[in-house]
Amino acid sequence: MASTIGSLGAAEAVLKPFATTITRPQPERLEVNIHPDNLLAAVRALVDESWGYLSAIVGLDRPAQLAAEGMSQPESAIDVLYLFCSGAAVVTLRITLSYSQAVIPTISGIAPTAMLYEWELREMFGVEVVGLRVTGHLILADDWPAGVYPLRKSFTGFNQPIVGAEGA
Amino acid sequence: MTADTNKFVIPIGPQHPALKEPANFEFWVDGEIVTGASVRLGYVHRGIEKGAEVRTWTQNLYLMERICGICSHVHATAYTLGVEKLAGVEVPPRANAIRQLMAELERIHSHMLWLGVAAHEGGFDTLFMYSWRDRETVMDLLEKISGNKVHYSANLLGGVKFDITPELATEVHKGLDFLEERNRFYLKVVTTDETFIGRTRDIGTMTTEKAEFLGAIGPTARASGVARDIRVDAPYLTYEQFPVKVMTHTSGDLHGRFIVRIHETFESIRVIREILDHMPQGDLTTRVPRRIPAGEAVSRVEAPRGELLYFIASNGSEKPERVKVRTPSLCNWSTVLSLAIGLKLADMPMLLSGIDPCFSCNDRSISLKRGQQGAQVWSWEKLRQYGIEYYR
């Protein structure tokens, strides 16, 4: 456990210049919120420090609740989480993108394993990954309609109930 | 022939690209030599992550187990560990020890399955049939413990369903003795048979630096000297009480991947014996609330193919907000695409199977033959209705 805490401390020191907020949601986890513009620099800093490896990229759709009358409607957002692991320590870089500006730069130039994860993120959430040099589909069918992103909460199937769901 | 490169593109798959699961590879070749490669996945993508969002925490346990028919237990374990972390629940030590025991039995069956598949791709069908015949022993043990050979369904949120009785322990010991002896024979075959060595040594060699750069994990990485194993790096269940040794090899070639997996099988056998001899006493389950407190959790386990990561987000309701599964095979694809370059086309089947890829193949329709009616194709929904009516 001591080495995990040390490891998280080292990551915190490296990431501090790029962070808007830093939290420790669990003893083995460090979560760092960063602005999309700082993404490449933050990943570069971790890689230059040889801190762990990129383990996963997670998309998280957060559609806005309908605002009460008279209130301005907040914009829906997508969180993109970059999970880096070193031993038992897990560092999450979290960026929040609004639907209208769901664009991130690719980190595959720095961390080549990111390529497949970014490809999946683009297909499933409709996040544009600038600089990702692959085209076409990785997972979805060839005739999957453009502009339909299955892991967004708004997608509930093609007018067919989801079979096997509770009560369906 | 493509216009720009003047080279041939050989498509392999999606039907049975060397191994009996669907993926599509394109290899650019110059004569016999591969000069480039690409992959297309998703032929059996089932939208499980989406499906998880409309099911309850308990229903999802069964869904996650069905992601994979080879390492079903480890998926359910990663999921339950994440949910238990969010719920702040401590699972009794005996339940965790049984989870570890099942996980290691599963690793033995998975590695022996791979040994057979890889031998078959290399043209060694005798070894394939021997290893699959012997693998039945560990499948039978899993069935004796759980009642099932494939989806053991040992986990519950908060514990396990099955106990290991002294009679079962004796059976497991007996099975392990046989498996150990057989795996000694396999180790001898893969390290002494000249043709076998000829087809595996110095093929698809990956240096330690390259394995780390490409993000290889599991036995694929360990065969290149990367000493990374979640069971040791971030011990979960009872891996602190019953530790395992990280098995590595320095050769980095296909041969090394055979040796590492067989050594891991011995290590699993050793640790299962230790668990059986020092099984903690106590309950098998603890209570887990229906609604899981809001939050996010990351759980990581060492599946037979490498690190398996679950990211689980809860909004405080009876259903998860998001379950993200990052399976180990995904990490190892980039190693194949990179290592293929410069090799002969004939080496591709073994190189592909060398990483032990898993497509979690599980289609949603099934063909049934009953009496004189001939073949029918049933949709999942129809099959589900049939099941409900049958057991009504």
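Two strands count as paired if DSSP finds at least two bridges between them. The exercises below apply this to a predicted model, beginning with the sheet of chain A and moving on to the contact with chain B and to salt bridges.

**Exercise 1. Find the bridge partners in S2(A) of A:Thr23 and A:Ile22, and describe how S1(A) and S2(A) are joined.**

Step one is to locate the partners: A:Thr23 has A:Glu31 as its bridge partner in S2(A), while the partner of A:Ile22 in that strand is A:Val32.

Step two is to widen the view to the whole strands, where S1 (residues 19–23) of chain A pairs with S2(A) over four bridges in the antiparallel sense.

Step three is to follow the chain from one strand to the other, which shows a hairpin of five residues joining S1(A) to S2(A).

**Exercise 2. Place S2(A) within its sheet, and explain why S2(A) is largely enclosed by the rest of the structure.**

Begin with the other pairing of S2(A): five bridges connect S2(A) with strand S5 (residues 89–98) of chain A, and these two strands run parallel. Within this pairing, A:Asn33 stands opposite A:Arg94 of S5(A).

Next, write down the sheet, which is open and consists of five strands of chain A in the order S1-S2-S5-S4-S3, with mixed pairing. Its edge strands are S1 and strand S3 (53–62) of chain A, each of which pairs on one side only. On average, and with direction ignored, neighbouring strands of the sheet are turned by 20° against each other.

Then look at what packs on the sheet. Helix H2 (residues 39–48) of chain A touches S2, strand S4 (77–86) and S5 of chain A, and the direction of H2 makes about 170° with that of S5(A). Helix H3 (residues 114–125) of chain A also packs on the sheet, where H3 touches S3 and S4 of chain A and makes an angle of about 10° with the direction of S3(A).

Finally, consider burial, for which the cut-off is a relative accessible area under 20%. Because five of the six residues of S2(A), which covers residues 29–34, are buried, the strand is largely enclosed by the rest of the structure.

**Exercise 3. Describe the interface of chain B and chain A by its residues, its buried area and its salt bridges.**

Start with the residues: 45 residues of chain A and 39 residues of chain B take part in the contact.

Continue with the area, of which about 3500 Å² is buried between the two chains, with carbon and sulfur atoms giving 55%. On the side of chain B, the residues that lose the most area to chain A are B:Arg40, B:Lys50 and B:Glu296, which together account for 18% of what that side buries.

End with the polar features, which include five salt bridges across the interface and 17 residue pairs in polar contact, both residues being at pLDDT 80 or more. A salt bridge is formed by A:Glu120 and B:Lys324, whose closest N and O atoms are 3.1 Å apart.

**Exercise 4. For the salt bridges B:Glu84 with B:Arg99, B:Glu180 with B:Arg273 and B:Glu104 with B:Arg107, state where the partners lie and whether they are buried or exposed.**

As background, side chains of opposite charge can pair when their charged atoms come close. A search over all chains finds 35 salt bridges in the whole structure.

For the first pair, the N to O distance between B:Glu84 and B:Arg99 is 2.8 Å. The pair links distant parts of the chain, with B:Glu84 in helix H3 (residues 72–87) of chain B and B:Arg99 in helix H4 (residues 93–121) of chain B, 15 residues apart. B:Glu84 and B:Arg99 are both buried.

For the second pair, the closest N and O atoms of B:Glu180 and B:Arg273 are 2.9 Å apart. Here B:Glu180 belongs to helix H6 (residues 166–192) of chain B and B:Arg273 to helix H11 (residues 254–277) of chain B, 93 residues apart, and both residues are buried.

For the third pair, B:Glu104 and B:Arg107 have their closest N and O atoms 3.1 Å apart. These two residues lie in helix H4 of chain B, three residues apart, or about one turn of the helix, and both are buried. They also belong to a network of salt bridges that includes B:Arg222, B:Asp229, B:Arg231, B:Glu264 and B:Glu302.

Technical notes: Residues numbered from 1 in each chain as written. Chains lettered and ligands numbered in written order. Predicted model: local features only at pLDDT ≥ 70, side-chain atom pairs only at ≥ 80, totals over all residues. Heavy atoms only, no water. Buried < 20%, exposed > 50% of the residue type's maximum accessible area, 1.4 Å probe, protein only. Axes fitted to C-alpha atoms, helices over the stretch in contact; angles between N-to-C directions. Contact = heavy atoms within 4.5 Å. Buried area = accessible area lost by both parts, 1.4 Å probe. Salt bridge = Lys/Arg side-chain N within 4 Å of Asp/Glu carboxyl O. Polar contact = N/O pair within 3.5 Å; in protein donor to acceptor, adjacent residues only side chain to side chain.
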